[in-house]
Amino acid sequence: MKSFDLENILDKSLPHIKKWWFSVVCIPFCWVLAEQYWMALKWEISFAWIYPYPFFLTPFFFFIDNFLLIVHEAGHTFFGFTGSRFITILGGTLFEILLPFTIFIFGWWKRQDLTAQIGLLLTAFAWIESSAYAADAMARRMPLIGNLPKSSHDFYNLFTMKSILADYMTYAWGMYWIGVITLLLFLLYPLFERKHYEYAVIEMDL
């Protein structure tokens, strides 16, 4: 009967722990995020901004939500230079999604796996969070930054300008499921990691 070889078990386990730790740690966050916004879209939109987070997740939601809010507002300013009112309004959500996705592309290109995963997580959060904004287009109950009037609601204006306000929930659910799929890609990212190669310089005297 073989003796219990702890060192051998650790040697075999450490590569898997190193590869999967971030995904495993983020499972509770992803579950709560998906559940919160599913409830917001399905039952009550106020769940999007009033939700009883588990205490250990509250700082993460606070940080990411406020970070993406800053990015969203910056997007309105950045795309405002186009001179198009539609693009200026859309620019907030567009930049909120594109910036995190750019972080993912950078991490993937540079083989920085943690950076790439963070980019995917932020991209998923942006899609899911924006889905609630779209789902609020008709009622316009969501509090707007700076106590702006209901007439300033991004998705109300976007859908009205394109005459698709009646289909607002179709777009909201579409955005939500894109976000959920991105969350799954984030969790499964270690399966798609590219191999890291180390290069050595060998000097040969002939």
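# Helix packing and ring pairs in a predicted model

Author: Leu94 is a residue of helix H3, and everything discussed here refers to a predicted model.

Reader: What makes Leu94 count as partly exposed?

Author: Its relative accessibility is 33%, and since buried means under 20% and exposed over 50%, Leu94 is placed in between and counts as partly exposed. As for its surroundings, Leu94 and Phe79 are 15 residues apart in sequence, with 9.2 Å between their C-alpha atoms.

Reader: Why is H3 called oblique to H5?

Author: The two helices pack at an angle of about 135°, and their axes are 10 Å apart. Angles over 145 degrees count as roughly antiparallel and those from 65 to 115 as roughly perpendicular, while the rest, once those under 35 are set aside as roughly parallel, are oblique; the angle therefore makes H3 oblique to H5. The crossing in which H3 passes H5 is left-handed, and the contact is made by Arg85, Phe86, Ile89, Leu90 and Thr93 of H3 with Asp154, Phe155, Asn157, Leu158 and Met161 of H5.

Reader: Why, then, is H3 called roughly antiparallel to H4?

Author: Here the packing angle is about 160°, with the axes 7 Å apart, and because angles over 145 degrees count as roughly antiparallel, H3 is given that description relative to H4. This crossing is left-handed, and the residues making the contact include Thr93, Ile97, Phe101 and Phe104 of H3 and Ala116, Leu120, Thr123 and Trp127 of H4.

Reader: Which residues of helix H5 are buried, and what covers them?

Author: The buried residues of H5, which spans residues 154-161, are Asp154, Phe155, Asn157, Leu158 and Phe159. Their cover includes helices H2 (58-79), H3 (85-109), H4 (113-135) and H6 (168-187). Just after H5, Ser163 takes a positive phi of about 55°.

Reader: How many aromatic pairs are found in the whole structure, and what makes the pair of Phe22 and Phe186 edge-to-face?

Author: A search of the whole structure finds 20 aromatic pairs. In the pair formed by Phe22 and Phe186, the ring centres are 5.6 Å apart and the planes stand at 90°; the cut-offs are centres within 6.5 Å for a pair and planes over 60 degrees apart for edge-to-face, and both are met by these values. This pair links distant parts of the chain, with Phe22 in helix H1 (residues 6-42) and Phe186 in helix H6, 164 residues apart, and both residues are buried.

Reader: Why is the pair of Phe155 and Phe159 called tilted?

Author: The centres of these two rings are 5.5 Å apart and their planes lie at 55°. Planes under 30 degrees apart would count as stacked and those over 60 as edge-to-face, so the pair of Phe155 and Phe159 is tilted. Both residues lie in helix H5, four residues apart, about one turn of the helix, and both Phe155 and Phe159 are buried.

Reader: Which residues do ring pairs link into a cluster?

Author: The cluster consists of Phe29, Phe47, Tyr51, Tyr53, Phe61 and Phe125, linked by ring pairs.

Reader: How do you know that the charged end of Arg140 sits over the ring of Tyr156?

Author: The charged end of Arg140 is 3.8 Å from the centre of the Tyr156 ring, where the distance criterion asks for CZ of Arg within 6 Å, alongside a position within 35 degrees of the ring normal. The charged end of Lys42 likewise sits over a ring, that of Trp43, 6.0 Å from its centre.

Methods: Residues are numbered from 1 along each chain as its sequence is written. This is a predicted model: local features need pLDDT of at least 70, side-chain atom pairs count only at pLDDT 80 or more; totals for chains, interfaces and linings use all residues. Side-chain values use heavy atoms; hydrogens and water are left out. Buried means under 20% relative accessible area, exposed over 50%, partly exposed in between (1.4 Å probe, protein chains only). Contact means heavy atoms within 4.5 Å. Rings of Phe, Tyr and Trp (its six-membered ring) pair if their centres lie within 6.5 Å; planes under 30 degrees apart count as stacked, over 60 as edge-to-face and the rest as tilted. Axes are lines fitted to C-alpha atoms, for helices over the stretch in contact, and angles run from 0 to 180 degrees between N-to-C directions. A crossing is left-handed if the near helix is turned anticlockwise from the far one by less than a right angle, and right-handed if clockwise.
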